[in-house]
Amino acid sequence: FSVLNNMPNKFPSSKLNINDYIVLLYKNRLSLALWNKIYNSKSIKNNNVFFIDHKKVEAEDLLFNLEVFGENKVINIINKNYYHHTRHSESLSFHKIENYLQKTENLINEYLATIKNSDSYKTILNTFSLLILIKIRGILFQALIKNKEHIYSGNKELSQASKNNIIYKAALNGILNKNTKFADRIIALLFYLKLYPILSFVYYLTVKIRKDIRLN
């Protein structure tokens, strides 16, 4: 792409718990990736945290970080820019991910298994719903990559996703959650009401206008 963007510094130099951190990441549309962090290797080894096979889950780095941070960990944020990212049409970000929905469901199940005995289970699950909303957008994104000009891409995938109770409840939480962005609230509402053709069409127009994917 020929456009050069500078990401504004939206992170305060502060200490946050995992729930606050997820909300901050969600609001700034940044992922729980690995490249912008420094880890305590001893903590990772002592807690036996490993990467899950990327063929099994979607966003294995997200799962890795959620397990590393845990509910009682404190994250220190350094408010400086150290990373420069170049996106191009051949980037993995624009490649089709096979079995995206199944891998997303595997991700959810793996994470829930790690926090099921937590005292803050409900709080963490509610915050995690914000990340599931991102995955609903991912379902639409992947459908467009596969089908290009089909304006109703995603109908089948969305219908299948709604059968997963965790994903479906996440849509409801997204509607009610004060941290949910307006656009995602609309997506969550249309998904929860099972208005898939409208949701697919709106998403298609949004991508077309923003030129997020080369549809032609």
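Which residues line the second largest pocket? Before we get there, keep in mind that what you're looking at is a predicted model. The lining of that second largest pocket is made up of K96, I97, E98, N99, Y100, L101, I139, Q142, K146, K156, E157 and Q160. The pocket holds about 220 Å³ of space. Three helices, α4, α5 and α6, each bring at least two residues to the lining; α6 covers residues 155-161. Sort the lining by class and you get five charged, four nonpolar and three polar residues.

Now let's step back and take in the chain itself. Nine helices and two strands make up its elements. Reading from the N terminus, they come in the order β-α-α-α-β-α-α-α-α-α-α. There are 216 residues in the protein chain, and 42% of them are buried. The contacts reach a long way along the sequence, too: take those between residues at least 6 apart, and 72% of them join residues at least 24 apart.

A good place to start walking is helix α1, residues 18-27. This helix is mostly covered, with eight of its 10 residues buried. Those buried residues are I18, N19, Y21, I22, V23, L24, L25 and Y26. Several of these names come back when we look at helix α5.

Helix α5 spans residues 121-147, and T127 is one of its residues. Is T127 buried or exposed? T127 counts as buried, because its relative accessibility is 9% and buried means under 20%. Leaving aside residues up to four places away in sequence, T127 touches N19, I22 and V23. N19, I22 and V23 are among the buried residues of α1, so this is a spot where you can see α5 and α1 in contact.

Further along α5 sits L133. With a relative accessibility of 2%, L133 is buried as well. Again leaving out residues up to four places away in sequence, L133 touches Y26, A170, A171, G174, T180 and A188. Y26 takes us back to α1, where Y26 is one of the buried residues. A188 takes us to helix α8, where A188 is also buried. Along the chain, L133 and A188 are 55 residues apart, and their C-alpha atoms are separated by 7.2 Å.

So what does helix α8 look like, and which of its residues are buried? The helix runs over residues 182-192, and its buried residues are D184, I187, A188, L190 and F191. Looking down the axis of α8, these buried residues fall within an arc of 165°, so they line one face of the helix.

D184 deserves another look. The side chain of D184 meets that of R137 in a salt bridge, with 2.8 Å from N to O. This pair links distant parts of the chain: D184 is in α8 and R137 is in α5, 47 residues apart. Both partners are buried.

How many salt bridges does a search of the whole structure find? The search finds two. Side chains of opposite charge can pair when their charged atoms come close. In the other pair, E110 forms a salt bridge with K56, and the closest N and O atoms are 2.9 Å apart. E110 lies in helix α4 (residues 100-115), while K56 is in the loop between α2 (41-46) and α3 (60-69), so the pair ties together parts that are 54 residues apart in sequence. Here both partners are partly exposed: E110 has a relative accessible area of 23%, and K56 is at 38% relative accessibility.

Two loop residues finish the tour. N79 is found in the loop between β2 (75-76) and α4. N79 is partly exposed, with a relative accessible area of 30%. The C-alpha atoms of N79 and S14 are separated by 8.8 Å, and the two residues are 65 apart along the chain.

The other loop residue is K194, which follows α8. K194 lies in the loop between α8 and α9 (196-210). Although K194 is not a glycine, its phi is positive, at about 60°. With a relative accessible area of 46%, K194 is partly exposed.

Key. Residues are numbered from 1 along each chain as its sequence is written. This is a predicted model: local features need pLDDT of at least 70, side-chain atom pairs count only at pLDDT 80 or more; totals for chains, interfaces and linings use all residues. Side-chain values use heavy atoms; hydrogens and water are left out. A salt bridge is a side-chain nitrogen of Lys or Arg within 4 Å of a carboxyl oxygen of Asp or Glu. Helices (H or I, at least four residues) and strands (E, at least two) are DSSP runs, numbered from the N terminus. Buried means under 20% relative accessible area, exposed over 50%, partly exposed in between (1.4 Å probe, protein chains only). On a 1 Å grid over the protein atoms alone, a cavity is a set of points where a 1.4 Å probe fits but cannot get out, and a pocket is an open set with protein on both sides within 12 Å along at least five of seven lines; lining residues have an atom within 4 Å of a point. Grid points are joined across faces, edges and corners, and a volume is the space filled by probe spheres set on the points. Ala, Val, Leu, Ile, Met, Phe, Trp, Tyr, Cys and Pro count as nonpolar, Asp, Glu, Lys and Arg as charged, and the others, Gly among them, as polar. The arc is that of the directions from the helix axis to the C-beta atoms. Contact means heavy atoms within 4.5 Å.
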